[in-house]
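Colleague: I would love a close look at a single part of this fold, followed by a walk through whatever else deserves attention. Could you pick a starting residue and work outward from there?

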Amino acid sequence: MGIWSRLVGAASSDVPAEFVVVVNRESVSMGDDAQSHHRELRVRAGSLVGDVVERSSPDVRVQGWSWVAVVDGTVVAVWSLDHGVALLAPDRPLTVSDPAGVVQVRFLYLGRLDPAWLHARLAQGAPLDREALAAEHAPLARAVLERERREREAATTARLLGPTCVRALEHLGAVVDLHSDVLCRFDVGGVAWQVERSDSMIVVFGRGRRSPLASLRPVGLAERWVLAALALDRRVADGLDPLPDAPVRAGAEPVQLMVAGRARAVAGSSGAVIAQLRDERDVASLDLVLGRDLDEVVALFSLAEPRA
């Protein structure tokens, strides 16, 4: 059965002059579930499918997001803010088999799959399998993201981490691969690390884990914590006591602290200084840097001395 066989039929005398289009869409997030996405439109009989899909298009309009339009159970188009309606077959007048003249239009959210790519794959006959399409698209998405990151790095002289922090990282063996105003990516002993800005927080990835090790604010705290975390890891690898002979300056810098998603301490913080850590062991790194500025942290771990 062709893609239009359930949508297009011969005109008859009992076809209503208007169709009722019942529109719904999938939610894009948990918060989006709080309200209904159901609505109804009235369109004249003989209206083109493309026009009906455009009139029904989702109210969530973000560049790069893809929606698949399903009319009475048949996938007919990809809709995006970037390209509008991209039909999967030549446009035709819309007719329905429902005697009441009701058409069901549903939009399925395909997220950040490139709309032009998605349209091409569906037009080639690829099944509407979200997981399979996402897996196929992933290498392309990574290539696009990498190009955008490189372009941003070249377009600005601003850097997320300051020169003192970067020199100390290099002293620990870091090889910086990319550094812009929102991202610093480096390798330490074959292990990838990444420090990136996400809204007001600085998120740290490393130790071969896919999920963040830490989320901190402000950037100065992130710089100090990353240096301490790497320095303690190195001390352990060298067979030393992980903690240097230095006192913890308790209460020197009020911070809102969470460990593994649970509140650990709130010491008079206004919320301006925040540390969210994945593992209990990383609290020691935080304790050492609180109340110390960046130069003190560098000196504490001898990160300004010539390398051996």
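Modeller: Happy to! Let's start at valine 21, whose bridge partner in strand 2 is leucine 41. Please keep in mind that this is a predicted model; the mean pLDDT of the protein is 88, with 89% of its residues at 70 or more.

Valine 21 falls within strand 1, which covers residues 18-25. Strand 1 and strand 2 (residues 39-44) run antiparallel and are joined by six bridges. Strand 1 also pairs with strand 6 (residues 102-109), again through six bridges, but here the strands run parallel. In that pairing, arginine 25 stands opposite phenylalanine 107 of strand 6. As for burial, six of the eight residues of strand 1 are buried, so the strand is largely enclosed by the rest of the structure. In a regular strand, side chains alternate between the two faces of the sheet.

Before strand 1, a little caution is needed. Over residues 1-13 the pLDDT stays under 50, and the model has 26 contacts beyond four places in sequence for this stretch. Where pLDDT is low, the predicted coordinates should not be read in detail.

Now to the largest pocket, with a volume of about 370 Å³. Helix 3 (residues 130-155) gives the largest share of its lining, six residues. Among the residues that line this pocket are His137, Leu140 and Glu148, along with Asp82, Arg112 and Asp114. Sorted by class, the lining has five nonpolar, four charged and three polar residues.

Finally, some backbone details further along the chain. Most residues other than glycine have a negative phi, and most peptide bonds are trans. Aspartate 199 has a positive phi of about 55° although it is not a glycine, and it is found in the loop between strand 9 (191-198) and strand 10 (201-205). With a relative accessible area of 76%, aspartate 199 is exposed. Arginine 207 likewise has a positive phi, of about 60°, without being a glycine; its place is the loop between strand 10 and strand 11. Arginine 207, however, has a relative accessibility of 19%, so it counts as buried, the cut-off being under 20%. After strand 11 (214-217) comes proline 218, in the loop that leads to helix 5 (219-237). The peptide bond from arginine 217 to proline 218 is cis, with omega near 5°.

Conventions. Residues are numbered from 1 along each chain as its sequence is written. This is a predicted model: local features need pLDDT of at least 70, side-chain atom pairs count only at pLDDT 80 or more; totals for chains, interfaces and linings use all residues. Side-chain values use heavy atoms; hydrogens and water are left out. pLDDT is the predictor's confidence in each residue, from 0 to 100. Contact means heavy atoms within 4.5 Å. Buried means under 20% relative accessible area, exposed over 50%, partly exposed in between (1.4 Å probe, protein chains only). Helices (H or I, at least four residues) and strands (E, at least two) are DSSP runs, numbered from the N terminus. Two strands pair if DSSP finds at least two bridges between them. On a 1 Å grid over the protein atoms alone, a cavity is a set of points where a 1.4 Å probe fits but cannot get out, and a pocket is an open set with protein on both sides within 12 Å along at least five of seven lines; lining residues have an atom within 4 Å of a point. Grid points are joined across faces, edges and corners, and a volume is the space filled by probe spheres set on the points. Ala, Val, Leu, Ile, Met, Phe, Trp, Tyr, Cys and Pro count as nonpolar, Asp, Glu, Lys and Arg as charged, and the others, Gly among them, as polar.
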